[in-house]
Amino acid sequence: MLVKLKKSGIAIALAGYMTLLSTSSAPAAMVDSIFSENQNQAINQREEEINKIQKALENKLVKEKLKAYGLTDEEVKEKLSKMSDNQIHMLAQASDKVLAGGDAIGAAIGVLIIVLLVIVILKLLNKEIIIR
């Protein structure tokens, strides 16, 4: 019985020591957030690619195709803001080819790229494409 009291007394003394005497203060302060260079480059690249896509969406052929599929400019802009960086990059590459223009072969490729751009936007909006 004396051993039990000794063990419990030691346990209580140790718990009291650790609780009261071995604590230290934890200083805290507000720290400004700083973007790393990679984050700044990624943000700038995304903005540039969105601008390219918007220029391509201003093209008459693209506007006509999107309207033919029943999409408004607001729906397209809303979906554009929800896209991931990879999707934005893919559309920006496709829109570069749309903006390039050129000879008859270039025009045919441009039309194909426009159709691809429209199909990608429609798929992202969960719209169905029915060809009759």
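Before selecting anything, take in the whole chain: among contacts between residues at least 6 apart in sequence, 78% join residues at least 24 apart. Contact here means heavy atoms within 4.5 Å. This is a predicted model, in which local features need pLDDT of at least 70 and side-chain atom pairs count only at pLDDT 80 or more, while totals for chains, interfaces and linings use all residues. Residues are numbered from 1 along each chain as its sequence is written, and side-chain values use heavy atoms, with hydrogens and water left out.

**Stop 1: the whole fold**

Switch to a cartoon view. The protein has 6 helices and 0 strands, and along the sequence the pattern reads α-α-α-α-α-α. Helices (H or I, at least four residues) and strands (E, at least two) are DSSP runs, numbered from the N terminus. Of the 132 residues in the protein, 20% are buried. Buried means under 20% relative accessible area, exposed means over 50%, and partly exposed lies in between, using a 1.4 Å probe and protein chains only.

**Stop 2: helices H2 and H4**

Now select residues 37–57, which form helix H2, and residues 73–82, which form helix H4. How do they pack? Their angle is about 160 degrees, and their axes are 12 Å apart. The axes are lines fitted to C-alpha atoms, for helices over the stretch in contact, and angles run from 0 to 180 degrees between N-to-C directions. H2 and H4 are therefore roughly antiparallel to each other, a label for angles over 145 degrees; angles under 35 count as roughly parallel, 65 to 115 as roughly perpendicular, and the rest as oblique.

Show the side chains where the two helices meet. On the H2 side, pick Arg46, Ile50, Ile53, Gln54 and Leu57; on the H4 side, pick Val76, Leu80 and Ser81. By class, this contact of H2 with H4 has 5 nonpolar, 2 polar and 1 charged residues. Ala, Val, Leu, Ile, Met, Phe, Trp, Tyr, Cys and Pro count as nonpolar, Asp, Glu, Lys and Arg as charged, and the others, Gly among them, as polar.

**Stop 3: the salt bridges**

Side chains of opposite charge can pair when their charged atoms come close. A salt bridge is a side-chain nitrogen of Lys or Arg within 4 Å of a carboxyl oxygen of Asp or Glu, and the count comes to 2 salt bridges.

Keep Arg46 on display and add Asp85: their side chains meet in a salt bridge at 2.6 Å, N to O. This pair links distant parts of the chain, with Asp85 in helix H5 (residues 85–100) and Arg46 in helix H2, 39 residues apart. Asp85 counts as partly exposed because its relative accessibility is 47%.

Next, select Lys82 and Glu78, whose side chains form a salt bridge at 3.3 Å, N to O. Both lie in helix H4, and because they are 4 residues apart, about one helical turn separates them. Is Lys82 buried or exposed? Lys82 is exposed, with a relative accessible area of 60%, whereas Glu78 is partly exposed at 44%.

**Stop 4: helix H6 and beyond**

Move to Leu122 in helix H6 (residues 104–124). With a relative accessible area of 1%, Leu122 is buried. Which residues does Leu122 touch, not counting those up to four places away in sequence? They are Tyr69, Leu71, Lys127 and Ile129. Try a distance label too: Leu122 and Lys79 are 43 residues apart in sequence and 9.9 Å apart in space, C-alpha to C-alpha.

Ile121 is also found in helix H6 and counts as buried at 4% relative accessibility. Leaving out residues up to four places away in sequence, Ile121 touches Leu57, Leu66, Leu71 and Val76.

For the last selection, click Ile130 in the segment after H6. Ile130 is exposed, with a relative accessible area of 59%. Ile130 and Tyr69 are 61 residues apart in sequence, and their C-alpha atoms are 10.0 Å apart.
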